[in-house]
Amino acid sequence: ASSSAATLWLTGCFHEDGLCDTIDAFGGGWTKSQILRIMKDSRCGSYAVMAGSLWAMTKVALLGSLGSSRWLPAGSSGAGPALLV
């Protein structure tokens with residue numbers, strides 16, 4: 001979780017914002033003009049919330065499945081190499 005939080009902070013959620021805007025637009029728009037209007041809208045729609053939630057949960061789960069490592073801070077257990085990603 002700390003690795004995911006660090007990448008969100010470092011990138012300013014740039015990639016996640018783009019993913020959510022795209023999913024929201026294609027999920028809620030039927031025509032090209034509707035899709036572009038939704039992409040320009042700064043509000044977060046239901047498709048964006050679901051896509052962002054699924055992305056965050058999947059990322060944390062995949063990083064957590066990498067296994068343990070010898071670089072464990074203060075004897076903690078957890079994602080090992082994921083701490084460095």
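## Exercises on a four-helix model

Helix α1 is followed by Gly 12, which has a positive phi near 65°. The structure is a predicted model.

**Exercise 1. Describe the fold in terms of its secondary structure, burial and contacts.**

Step 1. The protein has four helices and zero strands. Along the sequence the pattern reads α-α-α-α.

Step 2. Of the 85 residues in the protein, 24% are buried.

Step 3. Take the contacts between residues at least 6 apart in sequence; 32% of them join residues at least 24 apart.

**Exercise 2. Determine how α1 and α4 are oriented to each other, and which residues form their contact.**

Step 1. Two packed helices are described by the angle between their axes and the distance between the axes. For α1 (residues 2-11) and α4 (residues 46-64), the angle is about 130° and the axes are 9 Å apart.

Step 2. An angle over 145 degrees would count as roughly antiparallel, and one of 65 to 115 as roughly perpendicular. The pair α1 and α4 is therefore oblique.

Step 3. On the α1 side the contact involves Ser 3, Ser 4 and Thr 7, and on the α4 side Lys 59, Val 60 and Leu 63. By class, these residues are two nonpolar, three polar and one charged.

Step 4. For one pair across this contact, Val 60 and Ser 3, the C-alpha atoms are 8.3 Å apart, while 57 residues separate the two along the chain. Val 60 belongs to helix α4 and is partly exposed, at a relative accessible area of 36%.

**Exercise 3. Identify the buried residues of α1 and explain why they lie on the same side of the helix.**

Step 1. Ser 3, Ser 4 and Thr 7 are the buried residues of α1.

Step 2. These residues span an arc of only 100° around the axis, so they are on the same side of α1.

Step 3. The general background is that an α-helix has 3.6 residues a turn, so residues three or four places apart point the same way.

Step 4. The cover over the buried residues of α1 includes α4.

**Exercise 4. Decide how many disulfides there are, and explain why Cys 13 and Cys 20 form none.**

Step 1. A disulfide is a covalent bond between the sulfur atoms of two cysteines. The cut-off applied here is a pair of cysteine sulfur atoms within 2.5 Å.

Step 2. For Cys 13, the closest cysteine sulfur is in Cys 20, at 9.2 Å, which is too far for a bond.

Step 3. For Cys 20, the closest cysteine sulfur is in Cys 44, at 5.9 Å, again too far for a bond.

Step 4. The count is zero disulfides.

Step 5. Burial can be added for both: Cys 13 is partly exposed, at 32% relative accessibility, whereas Cys 20 is buried, at 14%.

**Exercise 5. Locate Cys 13 and comment on its phi.**

Step 1. Cys 13 is in the loop between α1 and α2 (14-28).

Step 2. Most residues other than glycine have a negative phi. Cys 13 is not a glycine, yet its phi is positive, about 60°.

**Exercise 6. Characterise the surroundings of Trp 55.**

Step 1. Trp 55 sits in helix α4 and counts as partly exposed, because its relative accessibility is 40%.

Step 2. With neighbours within four places in sequence left aside, Trp 55 contacts Glu 16 and Leu 19.

Step 3. Trp 55 and Leu 19 are 36 residues apart in sequence, with a C-alpha to C-alpha distance of 9.1 Å.

Technical notes. Residues numbered from 1 in each chain as written. Predicted model: local features only at pLDDT ≥ 70, side-chain atom pairs only at ≥ 80, totals over all residues. Heavy atoms only, no water. Axes fitted to C-alpha atoms, helices over the stretch in contact; angles between N-to-C directions. Helix = DSSP H or I, 4+ residues; strand = E, 2+ residues; numbered from the N terminus. Parallel < 35°, antiparallel > 145°, perpendicular 65-115°, else oblique. Contact = heavy atoms within 4.5 Å. Nonpolar A, V, L, I, M, F, W, Y, C, P; charged D, E, K, R; others polar. Buried < 20%, exposed > 50% of the residue type's maximum accessible area, 1.4 Å probe, protein only. Arc of directions from axis to C-beta.
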